[in-house]
Amino acid sequence: MKLDYIIVGQGISGTWLSYYLQKEGASFLVIDHHDPNAPSRLAAGIINPVTGRRHVSTWMIETLQPFAWEAYSQLGRELGVKGISQKNIIDFFPSAQMRESFVKRVEENGAYVSEMESPNQFLPHFNYEFGCGEITPVYTAHLENIIPAWRKKLVEEHLLREEKLDPGQLTLTSDRVVFKDVEARKIIFCDGALCSRNPWFQLLPFAPNKGEALFIDIPELPHDRIYKKGMMLVPMASPGQWWLGSAYEWDFKNAEPSEDFRIKSELLLQQWLKIPYTITGHIASIRPATLERRPFVGLHPVLPSIGILNGMGTKGCSLAPYFARELARHLLYREPLNPDADVRRFSRILSRNIS
Ligand SMILES: Cc1cc2nc3c(=O)[nH]c(=O)nc-3n(C[C@H](O)[C@H](O)[C@H](O)COP(=O)(O)OP(=O)(O)OC[C@H]3O[C@@H](n4cnc5c(N)ncnc54)[C@H](O)[C@@H]3O)c2cc1C
C-alpha cells in the first residue's frame with residue numbers, strides 16, 4: 001500500500017493531524033495501539049486562558065482559544081457529537097492573599113478575570129471564606145466525544161490500524177518510509193509521552209509529568225460551571241458526574257493512581273463541599289510535557305521522512321488543533337512553522353547519533 005503519511009498515535013494530536021490532512025486530500029494511515037490510559041482519554045479538556053497564581057494569560061491564547069472553539073465546534077458538527085462548550089471557572093480563593101492578588105489583576109484590567117456580582121451565591125453548595133472570582137471565557141473540549149467518534153470514522157474508512165508500531169520495524173530513507181506492507185513519503189510521530197523512548201526524538205527536552213483525577217457523582221451540583229479551589233471540579237458529559245484534578249508531578253515512580261492523591265482529594269472534598277458526593281473512580285496518566293513548555297512540531301533536521309507533533313504538556317486541547325493544522329500546511333505547502341514550536345530549534349541535539 002502506497003500513501004503520503006503514516007501517523008503514529010490517535011490521541012488529540014494524531015486526531016487533529018489526520019483531520020487536517022484528510023481535509024487537504026492527503027492519503028494516510030493512523031497506527032494506534034489504543035492505550036485506555038493515554039492522557040487524551042482521561043483529560044478534563046479545559047481550555048483555560050490564564051495560568052498561575054497571578055492569572056497571567058497563557059502563551060498565544062488570543063489565537064489558540066478562538067481557533068480551538070471553531071475547530072472543535074466544526075469537527076463536532078461533522079461527527080454528530082458535541083465538540084466543545086463554554087464553562088467558565090469560579091475561582092474560590094484559598095486565602096486572603098490570593099483574593100488580593102486576583103482583585104489586583106482585575107484592577108490592572110487583566111484579561112479574562114472578573115469579580116463576581118454576587119459572590120455568596122455558591123454558599124448552598126460550597127464552604128469558602130475568602131470569596132470568589134470568575135475566569136471567562138473558559139472552554140471544555142469534549143475529548144470523550146471527539147476521540148472515539150473520529151476513531152470510528154477512521155476505522156470505517158480503513159484509515160486506522162490498531163497495533164503498536166515498533167520503530168525497529170521501520171525502513172527509512174530520506175524520502176520514503178516502509179512499515180510492513182505500507183510505504184509512505186513520511187511518518188509523523190504523535191505518540192505522546194512514549195516519544196521520550198523514540199530513537200529519533202528521545203534527545204528532545206521532554207519533561208514527562210504525571211497527572212491524576214477522581215471521578216465523582218455529585219447529583220445536586222449545578223452543571224454549568226467549573227469550580228476551582230486548589231483543584232478543578234469539572235462537569236462531565238453526563239449530568240451529575242464530575243472530574244476532580246489534577247496533580248502535576250515531575251518526579252514519579254510509576255503511572256498508577258496514588259494513595260497520596262486520593263487522600264489529598266478526599267480531604268479537599270470533605271472541607272469544600274456541603275452536599276453529598278460519591279467517588280466512583282481514580283485515574284492517572286503521563287502528560288507529554290517539555291522543559292521549556294512549548295510543543296515539538298515539524299520534520300527531523302537530518303531525516304526529513306520523519307516528523308513529530310508532540311510536547312503538548314498541560315495544554316493539549318488548545319495546542320493540538322492549531323499546531324496540527326500548521327504542520328499539515330507545512331507538510332503539504334511548505335508554509336513556515338512558528339519558530340517557537342518548530343522542532344528544528346533543536347537541530348544540533350537531533351543531529352547527534354544519526355548516521
Ligand atoms: C489528568 C490529566 C488532565 C489533563 N487535563 C487537561 C486539560 O484539562 N486541558 C488540556 O488542554 N490538557 C489536559 N491534559 C493534557 C492533555 O491530556 C495532553 O496534552 C494531550 O492529551 C496529549 O495528547 P497527545 O495526542 O499528544 O498524546 P497522547 O494522549 O499520549 O496520545 C498518544 C497516542 O499514541 C499512541 N501510541 C504511542 N506510541 C505508539 C506506538 N508506538 N504505536 C501505536 N500507537 C502509539 C497511544 O496509545 C496514544 O493513543 C491533561 C492530562 C492529564 C494526565
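Let me start with disulfides, of which this structure, a predicted model, holds 0. Why is there no bond at Cys190? The closest cysteine sulfur to that of Cys190 belongs to Cys195 and lies 9.4 Å away, which is too far for a bond, because a disulfide requires the two sulfur atoms to be within 2.5 Å. Seen from the other side, the sulfur of Cys195 has that of Cys190 as its closest cysteine sulfur, again at 9.4 Å and too far for a bond. As for their surroundings, Cys190 counts as buried, with a relative accessibility of 6%, and Cys195, at 0%, counts as buried too.

Let me turn now to the sheet, which is an open one built from 8 strands, and if you follow the order across it you read β8-β9-β7-β16-β17-β18-β15-β19, with mixed pairing. Which strands stand at the edges? They are β8, residues 113-115, and β19, residues 278-287, each of which pairs on one side only. From one strand to the next, the twist averages 25°.

Packed on this sheet is helix α4, covering residues 96-107, which touches β7 (89-92), β8 and β9 (132-135); the direction of α4 makes about 110° with that of β8.

Finally, I would like to look at one pair of strands in more detail. In general, strands of a sheet pair through backbone hydrogen bonds, either parallel or antiparallel. Here, β15, residues 209-217, and β18, residues 241-245, run antiparallel and are joined by 5 bridges. If you want to find a particular position in β18, look at Trp242, which is the bridge partner of Ile216.

Conventions: Residues numbered from 1 in each chain as written. Predicted model: local features only at pLDDT ≥ 70, side-chain atom pairs only at ≥ 80, totals over all residues. Heavy atoms only, no water. Pairing = 2+ DSSP bridges. Helix = DSSP H or I, 4+ residues; strand = E, 2+ residues; numbered from the N terminus. Axes fitted to C-alpha atoms, helices over the stretch in contact; angles between N-to-C directions. Contact = heavy atoms within 4.5 Å. Buried < 20%, exposed > 50% of the residue type's maximum accessible area, 1.4 Å probe, protein only.
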